[in-house]
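Colleague: Please take a close look at one single strand for me, and tell me what surrounds it and how its side chains are placed.

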Amino acid sequence: MVIKVFLASSSGSTAIKKKQQDVVGFLEALKVDYTQLDIACNEENRMWMRQNVPEEKKPANGIPLPPQIFNEEGYCGDYDTFFDAKEDNSVYAFLGLPPPPGSKEAEQADKAHIVENGNHADENLDDSIEVPEEERNGDAHVEEEQAEEADEEGGEGGEEEEAEEEAADGEAADEETAGDEAPAEAEEEAVEETDEAQAEEEEQEEEDLQSEEEEELRQLEEEDEAEVQEEEEEDLEETQEEEAE
């Protein structure tokens, strides 16, 4: 299987260049075999990429921007889905490749497999438990009744002691809770401030990225229009030459 990464070598967008470098650098770090296909210098690559990105994955204007990632003819995703897979340690699944032994993704798969097998083992264990013969013939029931009578006789004297112990435990728990409230509140405030700052930073990055993507899209559209206009001019010149002859 060959991973194909469609890039624009002469892109004027800093955001797109950064995304392309991020994808390529991460694939190289994982030692994944891949091929770079330039859409800026090769019209065939550009048309193939646009035609094979699924309609539901294309932006509103219908023109997908690089980088776009494929496994042979199968579409894997764009930078956003690649980034999500990287954060979830599921890049190999995103690429449609088996994770190598020892990788985080392989370890997660092994853990999931162990948990699944463990649950099945517990179920089988429960099914295999046999009821003791004493319980089946009623002897165990008689013993339980005798034990309950003994507990009732000796339980009255211990009820007061248990009540005192429960009250003492409750007071100790209240003191511990009161002591933990102040640090817990401070920690919650710090987390909230961090989340707000992170949200503002992400919002600013999204705005910058959107502006750069719009600029890249505008450049691509201008290139397409220029190519169409050039073809029309060539056709017109050929027509004029034929008429002149």
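Modeller: Happy to; what follows is a walk around one strand and its partners.

This is a predicted model, where local features need pLDDT of at least 70, side-chain atom pairs count only at pLDDT 80 or more, and totals for chains, interfaces and linings use all residues. Residues are numbered from 1 along each chain as its sequence is written, and side-chain values use heavy atoms, with hydrogens and water left out.

Let's take strand 1, residues 3–7 (strands are DSSP runs of E, at least two residues, and helices are runs of H or I, at least four, numbered from the N terminus). Because 5 of its 5 residues are buried, strand 1 is largely enclosed by the rest of the structure; buried means under 20% relative accessible area with a 1.4 Å probe, protein chains only. In a regular strand the side chains alternate between the two faces of the sheet. Here Ile3, Val5 and Leu7 point one way, while Lys4 and Phe6 point the other, and all are buried, the lysine included.

Strand 1 pairs with two strands, where pairing takes at least two DSSP bridges. With strand 2 (residues 34–38) the sense is parallel, over 5 bridges, and Leu7 has Asp38 of strand 2 as its bridge partner. Between these two strands, the chain passes through helix 1 (residues 14–29), making a right-handed β-α-β crossover: with the strands pointing away from the viewer, the path from the first strand over the helix to the second runs clockwise. Strand 3 (residues 68–71) runs antiparallel to strand 1, joined to it by 4 bridges. In that pairing, Ile3 is bridged to Asn71 of strand 3.

Notes:
Buried < 20%, exposed > 50% of the residue type's maximum accessible area, 1.4 Å probe, protein only.
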